[in-house]
Amino acid sequence: MHPRAEEFRERASDEYGFEPGVREFDEGTETAADAAAAVGCDVAQIVKSIVLRVGDRTVLALTSGEHRVDEAELAAAFDAEPGAVRTADPDEVTAATGWSIGGVPPFCHEEDLPVLADPAVRSFDELWAAAGTPEAVFPLTPARLEEFTDPEYTDVYE
């Protein structure tokens, strides 16, 4: 197992008492479509961890693989101007989460981030999320996702 995927597995166990069934795929799981094809699920079952900046705040948006973050709606959710929202750059992502773009899991982060979640993720029995690298994913239930991330479910997705 890749050292970063192993690190995620260990942190999930230590911090949450959760043993993620990390699976690695040589073909990669960097995009939601890639991940869905690799594990054999619907793209909507992939949970994307999108790190954004809203003004001077870093925010994590968990979205179904078939959706995108609506930045204007996200700005409104934080009572900010639409121009105040942008995707975090690679250094900001790593600083806030401890993980690199393409492998950011929904929890086990360096900073305690506000988390917004796409209500669509609650409609599946099983979800899949990144496990520390662009080649590693793990399954979890919507209940576990909620337990570990304590998100605010809000409709800021398109």
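**Exercise 1. Which residues have the most contacts inside the largest nonpolar core, and how many residues does this core have?**

Solution. Keep in mind that this is a predicted model.

- Step 1: Start with the count. The largest nonpolar core has 28 residues.
- Step 2: Pick out the best-connected members. Phe8, Phe107, Phe138 and Leu140 have the most contacts inside this core.
- Step 3: Trace where the core comes from. Two or more residues each come from helix 1, strand 2, strand 3 (57-64), helix 4 (90-97), strand 5 (115-117), strand 6, strand 7 (136-140) and helix 5.
- Step 4: Look for another core. There is a second, separate one of 11 residues, with Val54, Ala61, Val85 and Leu116 among them.

**Exercise 2. List what phenylalanine 8 touches, leaving out residues up to four places away in sequence.**

Solution. Go along the chain from Phe8.

- Step 1: Pro20 and Val22 are among its contacts.
- Step 2: Further along, Phe8 also touches Trp99, Pro105, Phe107 and Cys108.
- Step 3: Ala131 and Phe138 complete the list for Phe8.

**Exercise 3. Is threonine 133 buried or exposed?**

Solution. Find the residue, then check its area and its neighbours.

- Step 1: Thr133 sits in the loop that links strand 6 and strand 7.
- Step 2: Its relative accessible area is 3%, so Thr133 is buried; the cut-off for that is under 20%.
- Step 3: Skipping residues up to four places away in sequence, Thr133 touches His2, Arg4, Ala5, Thr29, Gly102 and Gly103.
- Step 4: Now check the side chain. A polar atom of the Thr133 side chain lies 3.2 Å from the backbone nitrogen of Ala136.

**Exercise 4. Describe the largest pocket and its lining.**

Solution. Begin with volume and work outwards.

- Step 1: The volume is about 580 Å³.
- Step 2: The lining takes in 27 residues, and Glu30, Lys48, Ser49, Ile50 and Ile101 are the closest to the pocket centre.
- Step 3: Helix 2 (32-39), strand 2 (46-54) and strand 6 (127-130) each give two or more residues to the lining. Strand 2 has the largest share, with seven residues.
- Step 4: Sort the lining by class: 15 nonpolar, eight polar and four charged residues.

**Exercise 5. Do the same for the second largest pocket.**

Solution. Follow the route used above.

- Step 1: This pocket has a volume of about 210 Å³.
- Step 2: It is lined by 13 residues, of which Tyr16, Asp112, Leu113, Phe148 and Thr149 are the closest to its centre.
- Step 3: At least two lining residues come from each of helix 1 (3-16) and helix 5 (142-149).
- Step 4: By class, the lining has seven nonpolar, two polar and four charged residues.

Definitions and conventions
Residues are numbered from 1 along each chain as its sequence is written. This is a predicted model: local features need pLDDT of at least 70, side-chain atom pairs count only at pLDDT 80 or more; totals for chains, interfaces and linings use all residues. Side-chain values use heavy atoms; hydrogens and water are left out. On a 1 Å grid over the protein atoms alone, a cavity is a set of points where a 1.4 Å probe fits but cannot get out, and a pocket is an open set with protein on both sides within 12 Å along at least five of seven lines; lining residues have an atom within 4 Å of a point. Grid points are joined across faces, edges and corners, and a volume is the space filled by probe spheres set on the points. Helices (H or I, at least four residues) and strands (E, at least two) are DSSP runs, numbered from the N terminus. Ala, Val, Leu, Ile, Met, Phe, Trp, Tyr, Cys and Pro count as nonpolar, Asp, Glu, Lys and Arg as charged, and the others, Gly among them, as polar. A nonpolar core is a set of buried Ala, Val, Leu, Ile, Met, Phe, Trp, Tyr and Cys residues joined through side-chain atoms within 4.5 Å. Buried means under 20% relative accessible area, exposed over 50%, partly exposed in between (1.4 Å probe, protein chains only). Contact means heavy atoms within 4.5 Å. A polar contact is a pair of N or O atoms within 3.5 Å; within protein, one must be able to donate a hydrogen and the other to accept it, and residues adjacent in sequence count only if both atoms are side-chain atoms.
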